[in-house]
Amino acid sequence: MTGKVAVVTGGASGMGYAMAEKFLTAGAKVVIADIEQSALDRAVAELSAHGEVFGVRTDVSSEESVQALADATIERFGAVHVLCNNAGVETGGTFGAIEARSWRWVMDVNFFGVLNGCRVFLPLLEQQEEGHIVNTASVAAFNTGTATMTPYATSKFAVLALTESLDIELRARDASVSMHLLAPGPVKTRMVEAERNKPVDVHVSQEPERVAQMENLARITAEVGLEPSAVADMVYDAIQSGTFFILTHPEHALTGVRKRLHWMETGEAPAPRVAGT
Ligand SMILES: NC(=O)c1ccc[n+]([C@@H]2O[C@H](COP(=O)([O-])OP(=O)(O)OC[C@H]3O[C@@H](n4cnc5c(N)ncnc54)[C@H](O)[C@@H]3O)[C@@H](O)[C@H]2O)c1
């Protein structure tokens, strides 16, 4: 990482912040991109103690905004070697109560944000001898049936499909860029407060099912969540070793895959996900 340039979206908080810190301490120059200006300013001030870092206010759901992030990176550092498409949000409810605007927000940030990063940065990364794109999905990419979180799971399945497909294509033409899929289980971040960044016209559900699910998620995260720095270490190691799947809680991901295989082989109907598995 020494002397390399890394760009981390959603870098003002949680796992993105920890990745930025890890890359800086490993000797990289880092650009953090985030939609939350005050958090971005605070993060840049803190992270500057570890190395050369600057922040660019970015809305990953806008391709123009991601292009401006790339332009600012090249202008300042002249190159880019690592991109972490990590920014993500969550909102939901029971299916009939989720408005089209809420679906759009989750898909725009979680899926199109990752796609925008890949589309804009891939040609820049390919100018280097070696480049890496780390797309953040979730164990939700392997598990359906978490109550009130259907848009989130849908967006993360899409990130999985995009990342695997692009990786296969890049390998087939022996490209210099490798793809990595980060699929975290519970991690102690501000994810349960993701609606803090919602556009004004996104409605927040107060349904009892939704409130209970969010309380459950917050409790599980507090009880068994990893520290973001542990995830950043795994991301760093995967970049060094060229590992595609970065599974912070392998059993949570593998259980989801095994369940689907079972449903497909037996014809049994998909079952709800048990919290914390
Ligand atoms: N925390 C968990 O348990 C967990 C589990 C699985 C997956 N994830 C995924 O990890 C990623 C990082 O989230 P986190 O847990 O660190 O949460 P977090 O809320 O602490 O950090 C997410 C960051 O993304 C930023 N962001 C939101 N919308 C944005 C936009 N449109 N453009 C740019 N930045 C935007 C936020 O301001 C925030 O700084 C997300 O993709 C999330 O879905 C989290």
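H180 is buried, with a relative accessible area of 0%. That value comes from a predicted model, as does everything else I show today. The residue sits in strand β6.

What does the side chain of H180 make a polar contact with? The partner is the side chain of H132, at 2.9 Å. There is a backbone partner too. A polar atom of the H180 side chain lies 2.6 Å from the backbone oxygen of T243. Now the wider surroundings. Leaving out residues up to four places away in sequence, H180 touches H132, I133, V134 and N135. T163 is also on the list of contacts. So are A238, I239, G242, T243, F244 and I246.

Step back to the sheet. Seven strands make it up, and the sheet is open. The order reads β3-β2-β1-β4-β5-β6-β7, with parallel pairing. Which strands stand at the edges? They are β3, residues 53-57, and β7, residues 245-247. Each has a single partner strand, so one side of each has no neighbour in the sheet. On average, neighbouring strands are turned by 15 degrees against each other, direction ignored.

Next, β1 and β4. Strand β1 covers residues 5-9, and β4 covers residues 82-85. The two run parallel, joined by three bridges. V8 has C84 as its bridge partner in β4.

Stay on β1 for T9, which belongs to that strand. Is T9 buried or exposed? Its relative accessibility is 4%, below the 20% cut-off, so T9 counts as buried. A polar atom of its side chain lies 2.8 Å from the backbone nitrogen of N86. Again leaving out residues up to four places away in sequence, T9 touches A33, V60 and L69. It also touches C84, N85, N86 and A87.

Now the helices. Helix α5, residues 150-172, lies across three strands: β5, β6 and β7. Here β5 is residues 131-136 and β6 is residues 177-183. The helix runs at about 155 degrees to β6.

Look at the loops around α5. T148 lies in the loop between β5 and α5. Its phi is near 70 degrees, a positive value in a residue other than glycine. T148 is buried, with a relative accessible area of 6%. On the other side, D174 lies in the loop between α5 and β6. Phi is positive for D174 as well, near 55 degrees, and this residue is not glycine either. D174, however, is exposed, with a relative accessible area of 72%.

Last, helix α8, residues 250-266. How far apart are its end C-alpha atoms? They are 24 Å apart. With 17 residues at 1.5 Å a residue, the helix should span 24 Å, so the two values agree.

Which residues of α8 are buried? They are H252, A253, G256 and W263. Seen down the helix axis, the buried residues fall within an arc of 105 degrees, so they line one face of α8. The general rule helps here. An α-helix has 3.6 residues a turn, so residues three or four places apart point the same way. What does the buried set of α8 pack against? It packs against β7. That is one of the edge strands from before. After α8 comes G267, with a positive phi near 80 degrees.

To recap, H180 in β6 is buried at 0%, and its side chain contacts that of H132. T9 in β1 is buried at 4%. And β7 takes the buried residues of α8.

Conventions
Residues are numbered from 1 along each chain as its sequence is written. Side-chain values use heavy atoms; hydrogens and water are left out. Two strands pair if DSSP finds at least two bridges between them. Helices (H or I, at least four residues) and strands (E, at least two) are DSSP runs, numbered from the N terminus. Axes are lines fitted to C-alpha atoms, for helices over the stretch in contact, and angles run from 0 to 180 degrees between N-to-C directions. Contact means heavy atoms within 4.5 Å. The expected span of a helix is 1.5 Å times one less than its number of residues. Buried means under 20% relative accessible area, exposed over 50%, partly exposed in between (1.4 Å probe, protein chains only). The arc is that of the directions from the helix axis to the C-beta atoms. A polar contact is a pair of N or O atoms within 3.5 Å; within protein, one must be able to donate a hydrogen and the other to accept it, and residues adjacent in sequence count only if both atoms are side-chain atoms.
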